[in-house]
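Here's a friendly walk through a structure you may not have met before. Have a look around, then read on.

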Amino acid sequence: MAGTAVRGRLNWIGSEVTEVTQETENVRTITLDCPGWPGHRPGQHVDVRLTAPDGYQAQRSYSIASAPAGEQVTLTVEQLEDGEVSTYLAGELRVGDMIELRGPIGGYFVWEPSTGGPVMLIAGGSGVVPLMAMLRARKAAASDVPMRLLYSSRSWDRVIYRDELDALGADPGVAVRHTITGAAPPGWSGYARRIDRDMLAESAWPVDRRPLVYVCGPTGLVEAASQAMVELGHDPMRIRTERFGPTGGTP
Amino acid sequence: MTAPLHLDGNALGGVLIDIFGHEMTDTEGTCLDCGAVHQFGALIAYIAAPGHVLRCPSCSAVLLVIVVEPDGYHVTVESLQAPGV
């Protein structure tokens with residue numbers, strides 16, 4: 001993997017919300033115009049900072065959902081129960097509002113077309129967001145690196161980017177498979193359980209293809225899936241993980 | 001109340017840049033307890049106020065402790081060897 005350029009400390013950028021899209025009931029995509037944005041690599045994230053009128057500040061990290069595109073940065077935010085920041089970003093934020101963000105952050109959980117493949121993407125819930133940036137970058141670059149996505153969601157209603165993933169899967173170099181862990185829709189013929197070794201044996205690249213593997217989602221899923229890939233014989237050095245979870249903390 | 005699950009070094013990416021002045025998640029660190037080499041993004045992270053702990057994913061040894069104080073970050077390097085650390 002190419003080295004990361006040495007850069008100074010990150011500056012907060014006042015960014016304007018230019019577009020808001022509801023993805024699912026509690027997930028929203030926010031497009032931001034970030035003056036001076038240096039560009040980013042798929043898989044990287046930003047820190048977002050909110051300041052209340054009384055000066056109280058809260059900060060969280062969100063993966064960048066978009067492929068690099070000038071000064072535009074897109075985030076997809078899931079509203080967490082009791083989420084201090086996510087409730088604002090996924091619920092109240094409006095076009096024209098300003099938020100502060102800094103980035104891009106990350107040098108380990110990144111992929112770009114020059115990294116090569118084949119690539120295996122394994123997502124749980126909102127863990128699909130940084131992997132979507134990788135799929136979008138692949139398309140924007142007209143890359144022919146083969147990519148497979150296995151995406152676990154609690155219900156079909158909760159699948160983020162449903163239609164776009166359908167369209168991406170029509171590309172011969174991309175395969176998207178879903179598994180639903182809760183109630184499956186009528187007529188569902190896809191996987192209907194948590195990701196396990198048998199599912200990965202069927203849906204992931206064979207070991208001899210030496211895929212680069214990116215796993216992102218809740219800690220339990222990430223650890224189970226990456227462990228299963230190692231048990232199947234995949235090289236642990238070619239598996240990269242990013243665990244998602246609340247960082248707000250309780251007193 | 002159950003304790004929140006751990007995350008990983010990616011979640012401390014911004015903090016690590018604050019402390020070390022550049023991207024650290026792809027820096028390789030060696031665990032001095034078990035000898036395993038992992039990139040910082042792969043380290044197990046316990047995010048807590050006011051202190052964060054990074055542990056070796058192979059043997060759970062404490063590698064780095066980061067305490068957030070009003071005057072800045074107080075960093076303790078434990079069983080870790082890494083360039084620039």
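A quick definition to start: a residue counts as buried when its relative accessible area is under 20%, as exposed when that figure is over 50%, and as partly exposed in between. Keep in mind, too, that this is a predicted model.

## Chain A overall

Let's begin with chain A. It has five helices and eleven strands. Its C-alpha atoms fill a box of roughly 55 × 45 × 35 Å along the principal axes. How does its radius of gyration fit with that of a compact globule? For 251 residues, such a globule would come out near 18 Å, and chain A has 18 Å, so the two agree.

Of those 251 residues, 49% count as buried. The accessible surface of chain A is about 11,500 Å², and 48% of that belongs to carbon and sulfur atoms. Contacts tell you how the chain folds back on itself: among those between residues at least 6 apart in sequence, 71% join residues at least 24 apart. As for charge, chain A carries 24 positive and 30 negative side chains, with the centres of the two sets 6 Å apart.

## Helix H2 and what comes just before it

Now zoom in on helix H2 of chain A, which covers residues 128-140. With 13 residues at 1.5 Å each, H2 should span 18 Å, and since its end C-alpha atoms are 18 Å apart, the expectation is met. Is this helix enclosed or open? Eleven of its 13 residues are buried, so H2(A) is largely enclosed by the rest of the structure. Among the buried ones are A:Val128, A:Pro130, A:Leu131 and A:Met132, and the list also includes A:Arg136 and A:Arg138. Just past the helix, A:Ala142 takes a positive phi of about 50 degrees.

On the other side, A:Ser126 sits in the loop between S7 and H2 of chain A. Is A:Ser126 buried or exposed? Its relative accessibility is 17%, and because the cut-off for buried is under 20%, A:Ser126 counts as buried. What does it touch, once you set aside its neighbours within four places in sequence? A:Ser126 is in contact with A:Glu78, A:Ile160 and A:Phe244.

## Two cis prolines and a loop threonine

Most peptide bonds are trans. Where in chain A do you find cis ones? One cis peptide bond joins A:Gly103 and A:Pro104, with omega about 0 degrees. A:Pro104 belongs to strand S6, residues 98-105 of chain A. Another cis bond joins A:Gly117 and A:Pro118, again with omega about 0 degrees. A:Pro118 lies in the loop between S6 and strand S7 (119-124) of chain A.

That loop between S6 and S7 also holds A:Thr115. At 26% relative accessibility, A:Thr115 counts as partly exposed. Its C-alpha atom and that of A:Val73 are separated by 22 Å, and the two residues are 42 apart along the chain.

## Positive phi in two loops

Most residues other than glycine have a negative phi. Which residues go the other way? In chain A, A:Arg210 has a phi near 50 degrees, a positive value in a residue other than glycine. You'll find A:Arg210 in the loop between helix H4 (197-203) and strand S10 (212-218) of chain A. It is partly exposed, with a relative accessible area of 46%.

Chain B offers an example as well: B:Ser60 has a positive phi near 70 degrees. B:Ser60 is in the loop between strand S5 (51-55) and strand S6 (62-69) of chain B. Its relative accessible area is 42%, so B:Ser60 is partly exposed.

## Chain B overall

What makes up the secondary structure of chain B? The tally is one helix and eight strands, and along the sequence they run β-α-β-β-β-β-β-β-β. The radius of gyration of chain B is 12 Å, close to the 12 Å that the globule rule gives for 85 residues, so chain B is as compact as a globular protein of that length. Its C-alpha trace spans about 35 × 35 × 20 Å along the principal axes.

Buried residues make up 46% of the 85 in chain B. Chain B exposes about 3,900 Å², with carbon and sulfur atoms supplying 54% of it. Among its contacts with a separation of 6 or more, 43% come from residues 24 or more positions apart.

Definitions and conventions. Residues are numbered from 1 along each chain as its sequence is written. Chains are lettered from A and ligands numbered from 1 in the order in which they are written. This is a predicted model: local features need pLDDT of at least 70, side-chain atom pairs count only at pLDDT 80 or more; totals for chains, interfaces and linings use all residues. Side-chain values use heavy atoms; hydrogens and water are left out. Helices (H or I, at least four residues) and strands (E, at least two) are DSSP runs, numbered from the N terminus. The radius of gyration is taken over C-alpha atoms; the globule rule is 2.2 Å times the number of residues to the power 0.38. Buried means under 20% relative accessible area, exposed over 50%, partly exposed in between (1.4 Å probe, protein chains only). Contact means heavy atoms within 4.5 Å. Accessible areas come from the Shrake-Rupley method with a 1.4 Å probe; for residues, only the protein chains shown count as cover. Lys and Arg count as positive and Asp and Glu as negative; His and the chain ends are not counted. The place of a charge is taken as NZ of Lys, CZ of Arg, CG of Asp or CD of Glu. The expected span of a helix is 1.5 Å times one less than its number of residues.
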